[in-house]
Amino acid sequence: MRAKIGDGVMACGNATKDAEFKRLGEKNTPNCKWGMAVGKDKDDNTVFVNCEAWGRLANYAARIKKGDPVLVFGQIRSHEYNDKTYHTLVADFVQYIGSTTEMQPEPQQPEQDAFFTTEDDDIPF
């Protein structure tokens with residue numbers, strides 16, 4: 001984990017859409033973007049957070065599906081577009097919360113040829 005404690009923001013909520021995975025630039029750097037609903041403000045309006053991950057973390061975050069509960073720790077980055085300021089939580093750490101089958105890695109099945117059977121007469125001792 002590259003996150004610096006006390007230097008970032010933590011958000012926990014449900015994904016509002018499936019993660020969008022892309023490879024960007026000449027080096028085909030993995031990039032993943034998704035949105036989260038993280039709670040309500042004082043006026044009872046839902047608070048949304050735009051999240052982004054890069055590199056190997058983007059490969060991990062690419063499995064995020066709409067409705068998945070996710071914990072994200074990272075840095076807030078801002079940019080302006082058409083005289084509006086937009087904020088994005090750039091992830092240093094992403095963790096799935098809960099236990100849906102989509103979030104669990106699929107168990108590896110051993111190959112049939114990986115093991116062999118022997119007769120008791122074949123054992124040399």
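In the predicted model, Lys-17 is partly exposed, its relative accessible area being 38%. The side chain of Lys-17 meets that of Glu-20 in a salt bridge, with a separation of 3.4 Å from N to O, and Glu-20 is likewise partly exposed, with a relative accessible area of 38%. Side chains of opposite charge can pair when their charged atoms come close. The structure as a whole holds 1 salt bridge.

The secondary structure of the chain comprises 1 helix and 6 strands, and from the N terminus on these elements follow the order β-β-β-β-α-β-β. Of the 125 residues in the chain, 27% are buried. Among contacts with a separation of 6 or more, 56% are accounted for by residues 24 or more positions apart.

The largest nonpolar core of the model has 19 residues, and the residues with the most contacts inside this core are Trp-34, Ile-64 and Val-72. At least two residues of the core are supplied by each of strand E1 (9-15), E3, strand E4 (46-54), helix H1 (56-61), strand E5 (69-81) and E6, and the largest share, 4 residues, comes from E6. In soluble globular proteins, nonpolar side chains tend to be buried together. For Ile-64, when neighbours within four places in sequence are left aside, the residues in contact are Ala-15, Asp-18, Ala-19, Trp-34, Val-70, Val-94 and Tyr-96; the list thus includes Trp-34, itself among the residues with the most contacts inside the core.

Met-36 is placed in strand E3, which spans residues 29-40, and is buried, with a relative accessible area of 0%. Leaving aside neighbours within four places in sequence, Met-36 is in contact with Ala-11, Cys-12, Gly-13, Asn-14, Ala-15 and Thr-16, with Val-47, Phe-48, Val-49 and Cys-51, and with Val-70 and Val-72. Val-72, one of these contacts of Met-36, is also one of the residues with the most contacts inside the largest nonpolar core. Between Met-36 and Gly-67, which are 31 residues apart in sequence, the distance in space is 8.8 Å from C-alpha to C-alpha.

Strand E6 covers residues 84-96 and includes Asp-92, a residue that is buried because its relative accessible area of 15% falls under the 20% limit. The side chain of Asp-92 makes a polar contact, at 3.3 Å, with the side chain of Gln-75. Val-90 also lies in strand E6 and is buried, with a relative accessible area of 16%. Once neighbours within four places in sequence are left aside, the residues in contact with Val-90 are Glu-52, Trp-54, Gly-74, Gln-75 and Arg-77. Gln-75 therefore appears both as a contact of Val-90 and as the partner of Asp-92 in the polar contact, where contact in the former case requires heavy atoms within 4.5 Å. The C-alpha atoms of Val-90 and Phe-73 are 8.2 Å apart in space, these residues being separated by 17 positions in sequence.

The count of aromatic pairs comes to 1. The ring centres of Tyr-60 and Tyr-96 are 5.0 Å apart and their planes lie at 65°, so the pair is edge-to-face. This pair links distant parts of the chain, with Tyr-60 in helix H1 and Tyr-96 in strand E6, 36 residues apart. The partners fall into separate accessibility classes: Tyr-60 counts as partly exposed at 27% relative accessibility, whereas Tyr-96 is buried, with a relative accessible area of 7%. Tyr-96 is, in addition, one of the residues in contact with Ile-64.

The count of disulfides comes to 0. Cys-32 is in no disulfide, and the nearest cysteine sulfur, that of Cys-51, is 9.8 Å away; a disulfide would need the sulfur atoms to be within 2.5 Å, so this separation does not meet the criterion. Cys-32 is buried, with a relative accessible area of 0%, whereas Cys-12 is partly exposed, with a relative accessible area of 43%. Both Cys-12 and Cys-51 are among the residues in contact with Met-36.

Terms used: Residues numbered from 1 in each chain as written. Predicted model: local features only at pLDDT ≥ 70, side-chain atom pairs only at ≥ 80, totals over all residues. Heavy atoms only, no water. Buried < 20%, exposed > 50% of the residue type's maximum accessible area, 1.4 Å probe, protein only. Polar contact = N/O pair within 3.5 Å; in protein donor to acceptor, adjacent residues only side chain to side chain. Salt bridge = Lys/Arg side-chain N within 4 Å of Asp/Glu carboxyl O. Core = buried A, V, L, I, M, F, W, Y, C linked by side-chain atoms within 4.5 Å. Phe/Tyr/Trp six-rings, centres within 6.5 Å; stacked < 30°, edge-to-face > 60°.
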